[in-house]
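Here are a few short exercises to work through at your own pace. Have a look at the structure first, then try each task before reading its solution.

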Amino acid sequence: EEEEEVSIPSVDLVFSKETFNHMIVSDAARAIRRLAASGSRFLLTNITRGSPNYMGADKGHHANYAQYDYGLPPFSLTKVAKIMDISKDDWTEFALFRLA
């Protein structure tokens, strides 16, 4: 039985820390497309700059963590700004992306 999709409200800013990183890359991309389709404008989230997003396809289930860079495929969001470094040692930062 297929689940009915619930509509997502349109907001100016979606803040998500490590939510999508626990998803398989295809599920994370679908979730972000749904946020964009809602009319929400921006996503503030953590990224690992230059991360090989394809590795999220091999993680097997949502309990594992995958590093993503939402400015790269399959997400390809427009990065508006780096907000702050989380760790300079592992290339992580909070970044603001345009959804719509």
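## Contacts and overall fold

In this predicted model, 65% of the contacts in the chain with a separation of 6 or more are between residues 24 or more positions apart. Keep that figure in mind as you go.

**Exercise 1.** Work out which pattern of helix and strands the chain follows along the sequence.

*Solution.* Start by counting elements: there are one helix and four strands in the chain. Next, read them in sequence order, which gives β-α-β-β-β.

**Exercise 2.** Compare the radius of gyration of the chain with that of a compact globule.

*Solution.* Step one is the expected value: for 100 residues, a compact globule would have a radius of gyration near 13 Å. Step two is the value for the chain, 13 Å, so the two agree. To add some detail, the C-alpha trace spans about 45 × 30 × 20 Å along its principal axes. Buried residues account for 36% of the 100 residues.

**Exercise 3.** Describe the surface and the charges of the chain.

*Solution.* Take the surface first: the accessible area is about 6200 Å², and carbon and sulfur atoms hold 54% of it. Then turn to the charges: the chain carries 11 positive and 14 negative side chains. Finally, place the two sets in space, and their centres turn out to lie 9 Å apart.

**Exercise 4.** Classify the ring pair of F20 and Y70, and explain why the pair ties together parts far along the sequence.

*Solution.* The structure has six aromatic pairs. For F20 and Y70, the ring centres are 6.1 Å apart and the planes meet at 75°. Pairing needs centres within 6.5 Å, and planes over 60 degrees apart count as edge-to-face, so the F20–Y70 pair is edge-to-face. Now locate the partners: F20 sits in the loop between β1 (13–16) and α1 (25–37), and Y70 in the loop between β2 (42–48) and β3 (78–87). The pair therefore ties together parts that are 50 residues apart in sequence. Both F20 and Y70 are buried. To finish, follow the ring pairs outward: they link F20, Y68, Y70, F75 and F97 into a cluster.

**Exercise 5.** Is S51 buried or exposed, and which residues is S51 in contact with beyond its neighbours within four places in sequence?

*Solution.* First find S51, in the loop between β2 and β3. Its relative accessible area is 6%; buried means under 20%, so S51 is buried. Then list the contacts of S51 beyond those neighbours: Q67, Y68, D69 and L72. One of these, Y68, also belongs to the ring cluster.

Conventions: Residues are numbered from 1 along each chain as its sequence is written. This is a predicted model: local features need pLDDT of at least 70, side-chain atom pairs count only at pLDDT 80 or more; totals for chains, interfaces and linings use all residues. Side-chain values use heavy atoms; hydrogens and water are left out. Rings of Phe, Tyr and Trp (its six-membered ring) pair if their centres lie within 6.5 Å; planes under 30 degrees apart count as stacked, over 60 as edge-to-face and the rest as tilted. Helices (H or I, at least four residues) and strands (E, at least two) are DSSP runs, numbered from the N terminus. Buried means under 20% relative accessible area, exposed over 50%, partly exposed in between (1.4 Å probe, protein chains only). The radius of gyration is taken over C-alpha atoms; the globule rule is 2.2 Å times the number of residues to the power 0.38. Contact means heavy atoms within 4.5 Å. Accessible areas come from the Shrake-Rupley method with a 1.4 Å probe; for residues, only the protein chains shown count as cover. Lys and Arg count as positive and Asp and Glu as negative; His and the chain ends are not counted. The place of a charge is taken as NZ of Lys, CZ of Arg, CG of Asp or CD of Glu.
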